[in-house]
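Subject: Structure handover and notes on side-chain contacts

Dear colleague,

I am passing on the structure we spoke about, so that you can open it beside this message. Please look through it once before you read my notes.

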Amino acid sequence: MQVLVIGAGVVGLAVARAAARQGHEVVVAEAAGAIGTGISSRNSEVIHGGMYYATGTLRGRHCVAGRRMLYEFCAAHGVPHRKCGKLIVATNAAELDKIAQIEKQGAINGVEGLEMIGANAARALEPELACIGALHSPETGIIDGHAYMLALRGDLEDAGGAIAFNTKVDGARRKNGQWQVAFGGSGGFAFDAVVNCAGLSAQGVARAFEDYPATRVPRLVLAKGNYFSFAGKPAFTRLIYPTPIVGGLGVHVTLDLAGRMRFGPDVEWIEREHYDVDPKRAVLFYERIRTYWPGLPDGSLAPDYSGIRPKLTGPGEPQADFLIDTPAQHGLPGLVQMFGIESPGLTSSLSLAEDVAGYLAS
């Protein structure tokens, strides 16, 4: 089949690669001038274990399967990564109960190696840490996200696929058994199947499909995550996470492959897309970080960067699962819409791609 994938972020590239490796002719339409300029380049670059997500959810299934696939992919393609492990820490009895529930959920999800440890054992691993207990996840890691996307692009192109940059979708409709898709004022090109992997633009792209019911397009809720860099020698060798908060996993310690330490993301609900990091938010960061690292020095945090999660639910609402609308669900042949693909989207990408490529013929 002739397949169009909309969006050259990490999920779009993974889907395009999977489709091309199945023998389809694949073109990726990317509105920007390079791969991964949106959500994919503005995250923690963490390979997630998969212990947070409810039984039966797409997040739970694809995170665990995708993590295993991702480590294999990185090893086979020389993508820089490190399985550094992480600690989810509890600083009071209520948090200890919460991480015990996370451990149980992780076991249900098939996450390997999870272990509840006491305060002394946690400090033996990370001497700067203050907690009354922690959940150790040895399978969590970090990755060079851009190198991963370059490797996906390489596989896609090796399989005959191509990426069209600066190519925005203007509209699409069914005609003669195909999707006629218009780009940038063009008359339109015909495709047998289309996958919408447009991230923050997914809802807008979905509305451009003439026959796709507007009632099936979910609302988009923007949750900005801000990061602050740490000026000094890293205090930790593993990722350190507090217990989860509404809308995210809490302000945590992230490390990059060069060994630098930063903190984030928080959750800032916003009305419009923007990436400014307000230096005043550092006050909240110091407060939250010192619950598990009392030794955080004054004046050591500096605004770094931010990303935006394309959420489907807002403050006070239960977190939505990934939403993948397939031909079997909406009734239109050869069209897959992907909405709300936020964390753990990078970790899940190879597993998601396998499923989505399988829907293309339906």
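The notes below go through the aromatic rings, then the charges over rings, and then the salt bridges.

Please keep in mind as you read that this is a predicted model.

Aromatic rings

There are 11 aromatic pairs in the structure. One of them joins Y52 and Y53, whose rings meet edge-to-face, with 6.1 Å from centre to centre and 65° between the planes; both Y52 and Y53 are buried. Another pair is formed by F263 and W293, which are stacked, with their centres 6.2 Å apart and an angle of 15° between the planes. This second pair links distant parts of the chain, since F263 sits in strand β17 (residues 261-264) while W293 belongs to the loop between α7 (282-289) and β19 (301-311), 30 residues apart. F263 and W293 are both buried, and ring pairs connect them with F230 and F236 in a cluster.

Charges over rings

Two lysines are worth finding on the screen. K83 lies over the face of Y71, at 4.5 Å from the ring centre, and K86 lies over the face of Y241, at 3.5 Å from the ring centre.

Salt bridges

Side chains of opposite charge can pair when their charged atoms come close, and the structure holds 18 salt bridges. In one of these, the side chains of E112 and R67 meet at 2.7 Å, N to O. E112 is in the loop between α3 (93-109) and β6 (115-118), and R67 is in helix α2 (residues 58-77), so this salt bridge ties together parts that lie 45 residues apart in sequence. E112 is partly exposed, at 28% relative accessible area, whereas R67 is buried, at 0%.

A further salt bridge brings together the side chains of R281 and D266, again at 2.7 Å, N to O. Because R281 lies in the loop between β18 (268-270) and α7, and D266 in the loop between β17 and β18, the pair ties together parts 15 residues apart in sequence. R281 is buried, with a relative accessible area of 17%, and D266 is buried as well, with 1%.

How far apart are the closest N and O atoms in the salt bridge between D298 and R290? They are 2.6 Å apart, and here D298 is exposed, at 66% relative accessibility, while R290 is partly exposed, at 29%. Finally, salt bridges with shared partners join R67, R68, K83, E112 and E139 into one network.

With best wishes

Methods:
Residues numbered from 1 in each chain as written. Predicted model: local features only at pLDDT ≥ 70, side-chain atom pairs only at ≥ 80, totals over all residues. Heavy atoms only, no water. Phe/Tyr/Trp six-rings, centres within 6.5 Å; stacked < 30°, edge-to-face > 60°. Buried < 20%, exposed > 50% of the residue type's maximum accessible area, 1.4 Å probe, protein only. Helix = DSSP H or I, 4+ residues; strand = E, 2+ residues; numbered from the N terminus. Lys NZ or Arg CZ within 6 Å of the ring centre and 35° of its normal. Salt bridge = Lys/Arg side-chain N within 4 Å of Asp/Glu carboxyl O.
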